[in-house]
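This report walks through the architecture of a protein, from its sheets and helices to its internal spaces and backbone geometry. Please have the sequence and the coordinates at hand while reading.

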Amino acid sequence: MQPTPFKLERYFAQHEFTARHLLCSSDPESMSIGELLAFEPGSIDGLRETWLGYTEHPGAPALRRELATLCENVRDDEIIVHTGAQEAIYSFMSSMLAPGDHVIVHMPGYQSHYSVAEAMGVKVSPWKAREQAGWAVDPDELEALVTPATRALVICAPHNPTGYLPSRDVFDAIVAFARRHELWLFSDEVYRGLEHDPADRLPAACDVYERAISLGALSKTHGLAGLRLGWIATKSAEVLRRMSTFKDYLTISNSAPGEYLAAIAVRHTDALIARSIDIVRSNLCLLDDFFTRRADRFEWHRPRAGTIGFVRLKHGHAEQFCAELLERTGVLLLPSTLIDYGDAHFRLGFGRRNMPDVLAILDAHLDATATSTAS
Ligand SMILES: Cc1ncc(COP(=O)(O)O)c(C=O)c1O
C-alpha cells in the first residue's frame with residue numbers, strides 16, 4: 001500500500017524548522033521536560049529510575065489508568081497507547097477496513113483520515129462542512145451518503161482545520177446515525193479539552209457508543225507533541241483485538257520515558273488545558289480585531305474550540321499569498337491546496353505565545369503589499 005503523500009506533513013517537513021515565524025501550527029505552546037516535571041516535585045527521581053526495557057504492549061498500566069480518567073465509562077484495558085495519534089489512525093484504517101469498503105469522512109479534514117483508506121482501495125465519501133454555516137456539518141445529509149458497503153464514519157471534533165465544534169444535539173444525531181447503520185464511529189478527539197467555553201465540551205464518543213473509537217493524543221490538548229503519545233479508547237473487544245495485533249507490526253510498545261512523562265501530563269490535564277486556553281483566549285481577542293479591520297481581505301468564522309481556524313481570502317489565491325508571505329517575511333501559513341480544499345483558504349494557528357508578534361508581521365505585510373499594489 002502506498003498512500004499519496006501527506007501534503008500538509010511534507011510542507012511542514014520542508015518549512016517547520018526553517019521558517020522564521022510559524023502562524024499555522026495546530027499544537028499549542030509546548031514546554032521543556034523540566035517544566036513538566038515541576039508539576040510533580042520528586043518526579044525527576046522517577047524519571048531517573050524508569051526501566052529502559054520494553055514496556056507493556058498496550059501501554060504502561062500506570063499510564064492507561066490515568067488515561068481512563070479522561071473518559072467516563074472506559075476501563076484501562078479498553079485503551080491502547082500508540083506513538084502519536086497518527087499511528088493509531090493508520091492502525092485503525094489498516095486493521096478495521098478492507099478493499100471494497102466505503103467510509104464517510106468529515107471534510108475538509110486531516111489527510112490521514114481519508115488517504116490511508118483510499119490507498120487500501122476503500123471508497124471515501126466526503127461529508128462536507130458548510131462554510132457559510134460557520135463550517136457546520138449537517139447530520140441530515142448522512143443518510144444520502146450511506147451505502148451497503150459503508151463500514152465507518154470518521155469525524156474530528158473539535159475540528160482540524162476549521163475549529164468547528166458540533167452542538168450536543170448534532171453530536172447525538174451523528175451517534176444515532178452510526179448506531180442505526182452499525183458503523184464504526186472513528187472520532188478524532190485530539191483537540192478535546194480545548195473548548196473555548198468549557199461548557200461546550202462533548203462526551204468522548206467511546207463513552208456513548210459501543211462501536212465508537214475515540215482517538216486522543218497529548219500533542220494538542222496537553223501541548224506535548226514531542227512526547228509522540230496517542231491512544232485509542234473503545235468498548236469494542238473486536239477493535240481492541242485487531243488493533244493490538246496490527247500494532248505488533250508498528251511500534252510494538254511505546255517509549256518507557258515517554259510513558260512515564262505522559263502519566264504526569266495526564267494527571268495535570270486541567271492545569272495544562274488552562275495554560276493553553278489562556279493563550280488561545282488572548283490571541284483570539286487580537287484576531288477578532290484583526291479580522292474586523294481586514295474584512296475587505298478575509299472571511300473568518302471564529303472557532304469554538306482548538307488552536308486553529310480556516311480563513312478565506314476574498315481576493316487572490318491562497319498558495320500564492322502564502323508563498324509570497326513566507327518569502328518576504330518568513331511567516332508560515334498553510335494554504336488550503338495542501339488540505340485538498342481549493343485555493344482560496346489558509347489555516348491559521350493561535351495556540352502559540354508569540355502569535356501577537358507574528359500577527360503584527362502579517363498585518364505590516366498586508367499594509368506594505370496594499371501600498372505597493374496601489375503605487
Ligand atoms: C486532527 C488530527 N489528528 C491527528 C493528528 C496527529 O497527531 P499526533 O501528532 O499526535 O500524531 C493531528 C496532528 O496535527 C491532527 O490535527
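## Helix 12 and the four-stranded sheet

Helix 12, which spans residues 269-293, lies across strand 9, strand 10 and strand 13 (345-349), and its course makes an angle of about 140° with strand 9. As throughout this report, the description rests on a predicted model.

The sheet concerned is an open one of four strands, arranged in the order 9-10-13-12 with antiparallel pairing. Its edges are formed by strand 9 (298-300) and strand 12 (334-335), each of which pairs on one side only. Between strand 9 and strand 10, the latter covering residues 308-313, the antiparallel pairing extends over three bridges; Glu299 has Arg312 of strand 10 as its bridge partner.

## The seven-stranded sheet

A further open sheet is built from seven strands in the order 2-8-7-6-5-3-4, and here the pairing is mixed. Strand 2 (79-82) and strand 4 (123-128) are the edge strands, each pairing on one side only, and from one strand to the next the twist averages 20°. Helix 4, residues 61-68, packs on this sheet, where it touches strand 2 and strand 8 (230-234), and the direction of helix 4 makes about 115° with that of strand 2.

Within the sheet, strand 5 (residues 150-156) and strand 6 (residues 184-188) pair in the parallel sense, with five bridges between them. In this pairing Ile155 stands opposite Ser187 of strand 6, and both residues return below in the description of the cavities, where Ser187 lines the largest one and Ile155 lines the second largest.

## Packing of helices 5 and 6

Helix 5 (residues 84-96) packs against helix 6 (residues 112-119) at an angle of about 35°, the two axes being 9 Å apart, and the crossing is right-handed. On the side of helix 5 the contact involves Gln86, Ile89, Tyr90, Met93 and Ser94, which meet Ser112, His113, Val116 and Ala117 in helix 6. Sorted by class, this contact has five nonpolar and four polar residues, with no charged residue taking part.

## The largest pocket

Where does helix 5 appear again? It gives the most to the lining of the largest pocket, with four residues. This pocket holds about 580 Å³ of space and is lined by 28 residues, of which Glu9, Ser26, Tyr110, Lys220 and Arg228 lie nearest its centre. Helix 1 (7-15), helix 5 and strand 7 (212-217) are the elements that give two or more residues to the lining.

The lining of the largest pocket is of mixed character, with 13 nonpolar, seven polar and eight charged residues.

## Enclosed cavities

Rolling a probe the size of a water molecule over the atoms shows where empty space is left. A search of the whole structure finds two cavities of 30 Å³ or more. The largest cavity has a volume of about 60 Å³, and its lining consists of Ala157, Pro158, Leu165, Phe171, Ser187, Glu189, Arg192, Glu195, Leu202 and Pro203. By class these residues comprise six nonpolar, one polar and three charged.

The second largest cavity, with a volume of about 30 Å³, is lined by His106, Trp127, Val137, Ile155, Cys156, Ala157, Pro166 and Ile174. In this lining there are seven nonpolar residues and one polar residue, but no charged ones. Ala157 lines the largest cavity and also the second largest.

## Backbone geometry

Most residues other than glycine have a negative phi, and most peptide bonds are trans. Against that background, a cis peptide bond joins Ala157 and Pro158, with omega at about -10°, and another cis peptide bond joins Asn160 and Pro161, with omega at about 15°. Pro158 is found in the loop between strand 5 and helix 8 (168-180), and Pro161 lies in the loop between strand 5 and helix 8 as well. Ala157 and Pro158, joined by the cis bond, are both among the residues that line the largest cavity.

Which residue other than glycine has a positive phi near 50°? This is Arg228, placed in the loop between strand 7 and strand 8. Arg228 is also one of the residues that lie nearest the centre of the largest pocket.

Technical notes:
Residues numbered from 1 in each chain as written. Predicted model: local features only at pLDDT ≥ 70, side-chain atom pairs only at ≥ 80, totals over all residues. Heavy atoms only, no water. Pairing = 2+ DSSP bridges. Axes fitted to C-alpha atoms, helices over the stretch in contact; angles between N-to-C directions. Contact = heavy atoms within 4.5 Å. 1 Å grid on protein atoms, 1.4 Å probe; cavity = no way out; pocket = protein on both sides within 12 Å on 5 of 7 lines; lining within 4 Å. Points joined across faces, edges and corners; volume = space filled by probe spheres on them. Nonpolar A, V, L, I, M, F, W, Y, C, P; charged D, E, K, R; others polar. Left-handed = near helix turned anticlockwise from the far one by under 90°.
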